[in-house]
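Reader: I would like a close look at a single part of this model, taken slowly and then set against the chain as a whole. Could you begin with the surface and work outward from there?

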Amino acid sequence: MTFEQVVDLAYPGQPPNDQDTYTVRYSRGHDGHGTGSLTAGHSVRVKKGMVFDAYRTSRS
(Lines give C-alpha, C1' and ligand atoms only; values in the text may rest on other atoms or scores of the structure.)
Protein backbone atom coordinates (compact mmCIF):
# COMPACT_ATOMS: atom_id res chain seq x y z
CA MET A 1 0.00 0.00 0.00
CA THR A 2 1.39 3.38 -0.93
CA PHE A 3 1.39 6.60 1.05
CA GLU A 4 -0.90 8.11 -1.57
CA GLN A 5 -3.39 5.22 -1.32
CA VAL A 6 -3.64 5.55 2.46
CA VAL A 7 -4.21 9.32 2.21
CA ASP A 8 -6.89 8.77 -0.45
CA LEU A 9 -8.68 6.20 1.73
CA ALA A 10 -8.52 8.45 4.79
CA TYR A 11 -9.60 11.61 2.96
CA PRO A 12 -11.63 10.55 -0.10
CA GLY A 13 -12.39 13.27 -2.61
CA GLN A 14 -10.03 15.72 -0.92
CA PRO A 15 -6.93 15.99 -3.11
CA PRO A 16 -3.77 17.18 -1.34
CA ASN A 17 -2.91 20.85 -1.73
CA ASP A 18 -0.02 23.14 -0.76
CA GLN A 19 -1.66 23.99 2.58
CA ASP A 20 -1.94 20.38 3.81
CA THR A 21 0.69 18.10 5.29
CA TYR A 22 -0.06 14.40 5.75
CA THR A 23 1.47 11.97 8.23
CA VAL A 24 0.90 8.23 7.76
CA ARG A 25 1.86 5.68 10.41
CA TYR A 26 1.26 1.94 10.49
CA SER A 27 1.43 -0.87 13.04
CA ARG A 28 1.02 -4.65 13.17
CA GLY A 29 3.04 -5.03 9.97
CA HIS A 30 5.29 -7.86 8.83
CA ASP A 31 8.23 -9.03 10.95
CA GLY A 32 11.04 -6.52 10.98
CA HIS A 33 8.66 -3.78 9.82
CA GLY A 34 5.97 -4.04 12.51
CA THR A 35 5.59 -0.29 12.98
CA GLY A 36 6.71 2.70 10.99
CA SER A 37 5.86 5.71 8.92
CA LEU A 38 5.19 6.18 5.24
CA THR A 39 6.24 9.21 3.25
CA ALA A 40 5.20 10.34 -0.22
CA GLY A 41 6.36 7.94 -2.92
CA HIS A 42 6.92 4.99 -0.55
CA SER A 43 4.94 1.85 0.19
CA VAL A 44 4.67 -1.03 2.63
CA ARG A 45 3.50 -4.62 2.16
CA VAL A 46 0.08 -5.14 3.79
CA LYS A 47 -0.95 -8.06 5.98
CA LYS A 48 -4.24 -8.99 7.62
CA GLY A 49 -4.84 -7.02 10.81
CA MET A 50 -2.47 -4.20 9.91
CA VAL A 51 -3.48 -0.74 11.15
CA PHE A 52 -2.91 2.56 9.34
CA ASP A 53 -3.35 6.03 10.82
CA ALA A 54 -3.40 9.11 8.58
CA TYR A 55 -3.34 12.66 9.91
CA ARG A 56 -3.81 15.89 7.99
CA THR A 57 -2.41 19.17 9.23
CA SER A 58 -3.49 22.39 7.51
CA ARG A 59 -1.55 25.62 7.59
CA SER A 60 -3.67 28.70 7.95
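**A nonpolar patch and its loop**

Author: Met1, Leu9 and Val46 together make a nonpolar surface patch of about 260 Å². The model is a predicted one, and what follows should be read with that in mind. Of the patch residues, Val46 is the one to follow here, and its place is in the loop between β2, residues 36-38, and β3, residues 51-58.

How buried or exposed is Val46? Its relative accessible area is 42%, and because buried means under 20% and exposed means over 50%, with partly exposed in between, Val46 counts as partly exposed. Patches are made of residues with over 30% relative accessible area, so the 42% of Val46 is compatible with its place in the patch made with Met1 and Leu9.

The surroundings of Val46 can be described through its contacts as well as its accessibility. When residues up to four places away in sequence are not counted, Val46 touches Met1, His30 and Phe52; of these, Met1 is also a member of the nonpolar patch, while Phe52 falls within the residue range of β3, 51-58. The approach to the start of the chain appears in the backbone too, since the C-alpha atoms of Val46 and Thr2 are separated by 9.8 Å although the two residues are 44 apart along the chain.

A second residue of the loop between β2 and β3 is Gly49. With a relative accessibility of 40%, Gly49 likewise counts as partly exposed, and its C-alpha atom is separated by 8.2 Å from that of Gly29, a residue 20 positions away along the chain.

Set against the whole chain, the loop belongs to a protein with 1 helix and 3 strands, which follow one another along the sequence in the pattern α-β-β-β. The C-alpha trace spans about 40 × 20 × 15 Å along its principal axes, and 22% of the 60 residues count as buried. Among contacts with a separation of 6 or more, 56% are accounted for by residues 24 or more positions apart, and the pair Val46 and Met1, which touch, offers a local view of the chain meeting itself in this way.

As for the surface in general, the chain exposes about 4,400 Å², of which carbon and sulfur atoms supply 49%. Its charged side chains number 7 positive and 6 negative, and the centres of the two sets lie 9 Å apart.

Conventions: Residues numbered from 1 in each chain as written. Predicted model: local features only at pLDDT ≥ 70, side-chain atom pairs only at ≥ 80, totals over all residues. Heavy atoms only, no water. Helix = DSSP H or I, 4+ residues; strand = E, 2+ residues; numbered from the N terminus. Buried < 20%, exposed > 50% of the residue type's maximum accessible area, 1.4 Å probe, protein only. Contact = heavy atoms within 4.5 Å. Areas by Shrake-Rupley, 256 points an atom, 1.4 Å probe, with all protein chains shown as cover. Lys, Arg positive; Asp, Glu negative; His and termini not counted. Charge placed at Lys NZ, Arg CZ, Asp CG, Glu CD. Patch = residues over 30% accessible without salt bridge, like charges linked within 9 Å, V, L, I, M, F, W, Y side chains within 5 Å. Salt bridge = Lys/Arg side-chain N within 4 Å of Asp/Glu carboxyl O.
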